[in-house]
Amino acid sequence: MKDADVPELQISMNAGWLDPFGGVETSTLHDCLALSARGHRISLMYGQDGAQRPAFEAAGVALEGPFNFNFRPRHAVHDLASFLPSARSARRRQSDVIWLNRVEHLIWGVTTSRLSGAPLVAQLHGLPAYHRLSQLSRGVAHFLAVSEFVRERYIERGVAPERISRLYNAIPPGQYPVGGSPERMAARHMLDLPADRPIVLCYGRLGVPKGALTLLEAWPLVQAQQPDAYLVLVDSTSGDPDRTVMTALEGMPPGSVRRFPMTTDVLPFLHACDVVAFPTWLPETFGRVVLEGMSTGRPVVASRVGALPEVLSGAMARFLVEPRSAEALAAGLLDVLDWRDAEPDLGTRCTRWVEERFPFSAHVDGLEATFAQFRR
């Protein structure tokens, strides 16, 4: 329900594509649906169509596209001219605010803001993409960083501290519900996965930077102590798969690993597994995978990089492992693989951790309040 003190807003935003390639796309969808449910009018300009279209349309989000949002210095005149149609759309809709979700589209956002007259709020899911950020930031009404790690990186690049707030990501209640034994068995049956083997799940872009090779190197070490362990990979990589990863997969012991293609619904995989692995090498700006897995009652073993120590802090810091270390990852997975017997209340503690520290209602309140404060 919309805060009575917050007026109805016309929000124009952009998305490079309508496919769930990663956490940014999924977060954008959930935030859009929540704001629309609170009575705000959302116009989403997209670059490429995709599988999320029906969900946006069902929520009453107005979709327009395709548009170009990329800026190439060598093609500056052409690219700036290509921003005109989306700027006209924002102006025609009398937008109260432009909502940017990808920092690599910042020049598009600043240009569209100036041409449409609507202030720009930039939600920072990624690290700084421009060297002259202090100059570009003048065209931004306010920045929202998804973690303190991200906030600090932008302040280092010249954004004034008072112009950037931290607003943690969150996931809608019920979107990733707890899966007990009945849901676990049903999901395994549906996915044709072994009913009685401990399963580790890794999902997202299965490339080298996301730690896929580290996981595949760690897996024989896991199986050396837990021979019946089974690894499930769900690959959201767009285009051709990473050949290095595919070669490593081909060398895995038969019957120990199974790879699935991209899906818009990872919940059955989460319910089917016992532990989630997030072995990324990258300085992750938040780590939505951690919240998704823990919400369903699964521990998540993740690399100690970027903002992940903010998400897995305190009692949950035990699930952090050194990045790029197959040995550390294997030890982390083995330490928790039998949690159902060794720590039967761990699933409940994981779910409660997300509910108490990353409430979705507070996240949407923060978005709404920021848009209302900096509206035209």
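These legends accompany close-up views of a predicted model.

**View 1. Six strands form an open, parallel sheet.** The strand order is 10-9-8-11-12-13. Strand 10 (257-260) and strand 13 (320-321) stand at the edges. Each has a single partner strand, so one side of each is left without a neighbour in the sheet.

**View 2. Strand 12 pairs with strand 13 in the parallel sense.** Strand 12 covers residues 300-303. Two bridges link strand 12 and strand 13. At one position, Ser303 has Val321 of strand 13 as its bridge partner.

**View 3. Helix 12 and helix 14 lie across strands of the sheet.** Helix 12 (residues 288-295) lies across strand 8 (199-204), strand 11 (275-278) and strand 12. Helix 12 runs at about 170° to strand 12. With a cut-off of over 145 degrees, that angle counts as roughly antiparallel. Helix 14 (residues 326-336) lies across strand 8, strand 11, strand 12 and strand 13. Its angle to strand 12 is about 165°, again roughly antiparallel.

**View 4. Helix 12 crosses helix 16 (residues 346-357).** The two axes come within 7 Å. They cross at roughly 130°, and the helices are therefore oblique to each other. The crossing is left-handed. From helix 12, Leu291, Met294 and Ser295 take part in the contact. From helix 16, Cys350, Thr351, Trp353 and Val354 meet them. By class, this contact has five nonpolar, two polar and no charged residues.

**View 5. Ser137 is a buried loop residue.** Ser137 lies in the loop between helix 6 (133-136) and strand 6 (142-145). Its relative accessible area is 3%. Burial means under 20%, so Ser137 qualifies. Leaving aside neighbours within four places in sequence, Ser137 is in contact with Phe143, Val159 and Arg163.

**View 6. Strand 4 (residues 97-100) has buried residues pointing both ways.** Val97 and Trp99 point one way. Ile98 and Leu100 point the other way. All four are buried.

**View 7. Strand 4 pairs with strand 1 and with strand 5.** Strand 1 (residues 10-17) runs parallel to strand 4, and three bridges join them. Here Ser12 stands opposite Ile98 of strand 4. Strand 5 (residues 120-124) also runs parallel to strand 4, joined by three bridges. In this pair, Trp99 stands opposite Val121 of strand 5.

Conventions
Residues numbered from 1 in each chain as written. Predicted model: local features only at pLDDT ≥ 70, side-chain atom pairs only at ≥ 80, totals over all residues. Heavy atoms only, no water. Pairing = 2+ DSSP bridges. Contact = heavy atoms within 4.5 Å. Axes fitted to C-alpha atoms, helices over the stretch in contact; angles between N-to-C directions. Parallel < 35°, antiparallel > 145°, perpendicular 65-115°, else oblique. Left-handed = near helix turned anticlockwise from the far one by under 90°. Nonpolar A, V, L, I, M, F, W, Y, C, P; charged D, E, K, R; others polar. Buried < 20%, exposed > 50% of the residue type's maximum accessible area, 1.4 Å probe, protein only.
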